[in-house]
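Walk through this model with the strands, helices and charged side chains in view. The path starts at one acidic side chain and ends at the hairpins.

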Amino acid sequence: MNALMDALVDAAEEIDWAVHIEDDCIEFEKYSPAGEDFIFTIVGNDEGAVAEKVREYAYDFDPDEHAEMWVESRGKRGVPDSIRTLIDDADAIKEMVFELADVLRKTAEAYQEGATR
């Protein structure tokens with residue numbers, strides 16, 4: 001891993017995201033407020049594009065669709081009973097991913113500023 005990727009991983013971990021890098025994939029993992037072990041993957045480990053790919057994922061994330069995926073499992077295997085909880089949690093996940101994208105962008109910008117001095 002190069003220094004920028006190390007900085008990006010450190011920044012993500014500071015806001016409680018786990019980062020797993022394997023081959024051409026970067027996996028981000030974090031528990032949602034309702035306890036979902038939320039994981040998403042971006043393909044391509046070009047460290048200069050990581051923040052933008054995470055931001056694209058955040059824009060494409062549909063909280064309604066995500067909550068709907070869990071409706072049939074309500075009350076089972078730790079899935080909350082309340083549809084409202086599922087919707088609120090899905091909204092929070094979207095915010096978590098946007099926060100991650102912002103932190104990664106700021107980290108990459110700070111790294112680039114330091115590299116050009």
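Asp88 is partly exposed in this predicted model. Its relative accessible area is 40%, which falls between the 20% limit for buried and the 50% limit for exposed. Asp88 has a charged partner. Its side chain forms a salt bridge with Arg84. The closest N and O atoms are 3.2 Å apart, and the cut-off is 4 Å. Both residues belong to helix 4. Four residues separate Asp88 and Arg84, about one turn of the helix.

Side chains of opposite charge can pair when their charged atoms come close. How many salt bridges does the rule give here? The count is three.

Another one sits in helix 4 as well. Glu109 and Arg105 join their side chains in a salt bridge, with 3.2 Å from N to O. The spacing is again easy to follow along the chain: Glu109 and Arg105 lie four residues apart, about one turn of helix 4. Glu109 has 40% relative accessibility and counts as partly exposed. Arg105, at 32%, counts as partly exposed too.

Now turn to Asp102 and Arg55. Their side chains meet in a salt bridge at 2.1 Å, N to O. Which parts of the chain does this pair tie together? Asp102 lies in helix 4 (residues 83–115) and Arg55 in helix 2 (residues 50–60), so the bridge links parts that are 47 residues apart in sequence. Are the two partners buried or exposed? Asp102 is partly exposed, at 28% relative accessibility. Arg55 is buried, with a relative accessible area of 17%. That value is under the 20% limit, so Arg55 counts as buried.

Leave the helices for the strands. Strand 1 covers residues 18–22 and strand 2 covers residues 25–31. They pair in the antiparallel sense over five bridges. Take Ile21 as a marker: its bridge partner in strand 2 is Ile26. The two strands make a hairpin, with two residues between them. In that turn, Asp23 has a positive phi of about 50°.

Strand 2 also pairs with strand 3 (residues 37–43). These two run antiparallel, joined by seven bridges. Here Glu29 is a useful marker, with Ile39 as its bridge partner in strand 3. Strand 2 and strand 3 form a hairpin with five residues between them. Gly35 sits in this turn and has a positive phi of about 95°.

Technical notes. Residues are numbered from 1 along each chain as its sequence is written. This is a predicted model: local features need pLDDT of at least 70, side-chain atom pairs count only at pLDDT 80 or more; totals for chains, interfaces and linings use all residues. Side-chain values use heavy atoms; hydrogens and water are left out. Buried means under 20% relative accessible area, exposed over 50%, partly exposed in between (1.4 Å probe, protein chains only). Two strands pair if DSSP finds at least two bridges between them.
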